[in-house]
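Here is a short note for a colleague who has not seen this entry before. Please read it with the sequence and the model open side by side.

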Amino acid sequence: MKKIVLALLSVCMIFATLTCINVIGSTNESVSVEYFEDGSYVIDEDSSGVALLATRTTKSKTSTYYASDGTAQWYIKVTGTFTSRNGVTECIDSSVAAEVYSSDWKIARKSASYAGRTAVATVAVNQLLNGAVVNTLVRSLTLTCSSAGTFY
């Protein structure tokens, strides 16, 4: 009898673990668009709205800059690692990735930081004309986890 109870308890624990992993892995994609006067625009994409059920979760958010003709020029991506213990959520690491798709742009600098429940990535991108810098765009992305474990 004792073995049967232990076997049933083991099966219940495995089922509960698989259920939590499934919820953690689900995403709610969010997309927003920002337009500029010259017709260019930026599309921000992130996986947000997922409750933080695990003790450690990594999330990211990406922003891609497009020329007025719709061709991608460059992107920035922030990735944050978050922990949750005893109802307290905090960001413990962040990183930045950035790349240009066009020879008309060059990454001047990029950085990542984190504090509290927030990961931040910043990139400065130089626009080039015949190899000379004619404009610099600075873009920052913020990824935050609420105290309830929701990402935005």
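The points below go from the overall make-up to single contacts.

1. Basis. This is a predicted model, in which local features need pLDDT of at least 70 and side-chain atom pairs count only at pLDDT 80 or more, while totals for chains, interfaces and linings use all residues. Residues are numbered from 1 along each chain as its sequence is written, and side-chain values use heavy atoms, with hydrogens and water left out.

2. Make-up. The chain has one helix and eight strands, in the order α-β-β-β-β-β-β-β-β from the N terminus. Helices (H or I, at least four residues) and strands (E, at least two) are DSSP runs, numbered from the N terminus.

3. Surface and contacts. Of the 152 residues, 33% are buried; buried means under 20% relative accessible area, exposed over 50%, and partly exposed in between, with a 1.4 Å probe and protein chains only. The chain exposes about 9,200 Å², of which carbon and sulfur atoms supply 55%. Such areas come from the Shrake-Rupley method with a 1.4 Å probe, and for residues only the protein chains shown count as cover. Among contacts (heavy atoms within 4.5 Å) with a separation of 6 or more, 43% are between residues 24 or more positions apart.

4. A hairpin. Strand 3 and strand 4 form a hairpin with five residues between them, and Gly-70 in the turn has a positive phi of about 95°. The two strands run antiparallel, joined by 11 bridges, with strand 4 covering residues 72-85. Two strands pair if DSSP finds at least two bridges between them. Thr-64 stands opposite Tyr-75 in strand 4.

5. Salt bridges. How many salt bridges does a search of the whole structure find? The search gives two, a salt bridge being a side-chain nitrogen of Lys or Arg within 4 Å of a carboxyl oxygen of Asp or Glu. One joins Arg-139 and Glu-34 at 2.9 Å, N to O. Arg-139 lies in strand 8 and Glu-34 in strand 1 (residues 28-35), so this pair ties together parts 105 residues apart in sequence. The other is between Asp-44 and Arg-139, at 3.0 Å, N to O. Asp-44 is in strand 2 and Arg-139 in strand 8, 95 residues apart. Shared partners join Glu-34, Asp-44 and Arg-139 into one network. Within that network, Arg-139 is buried, with a relative accessible area of 13%, and Asp-44 is buried as well, whereas Glu-34 is partly exposed at 35%.

6. Aromatic rings. The whole structure holds eight aromatic pairs. Rings of Phe, Tyr and Trp (its six-membered ring) pair if their centres lie within 6.5 Å; planes under 30 degrees apart count as stacked, over 60 as edge-to-face and the rest as tilted. Tyr-41 and Tyr-66 are stacked, 5.1 Å centre to centre with 10° between the planes. Tyr-41 is in strand 2 (residues 41-48) and Tyr-66 in strand 3 (residues 56-66), 25 residues apart. Both Tyr-41 and Tyr-66 are buried. Tyr-65 and Trp-74 have ring centres 5.2 Å apart and planes at 10°, so this pair is stacked too. Tyr-65 and Trp-74 are both buried, and ring pairs link them with Phe-36 and Trp-105 into a cluster.

7. Ala-148. Where is Ala-148 placed? Ala-148 is in the segment after strand 8 (132-144). Ala-148 is exposed, with a relative accessible area of 64%.
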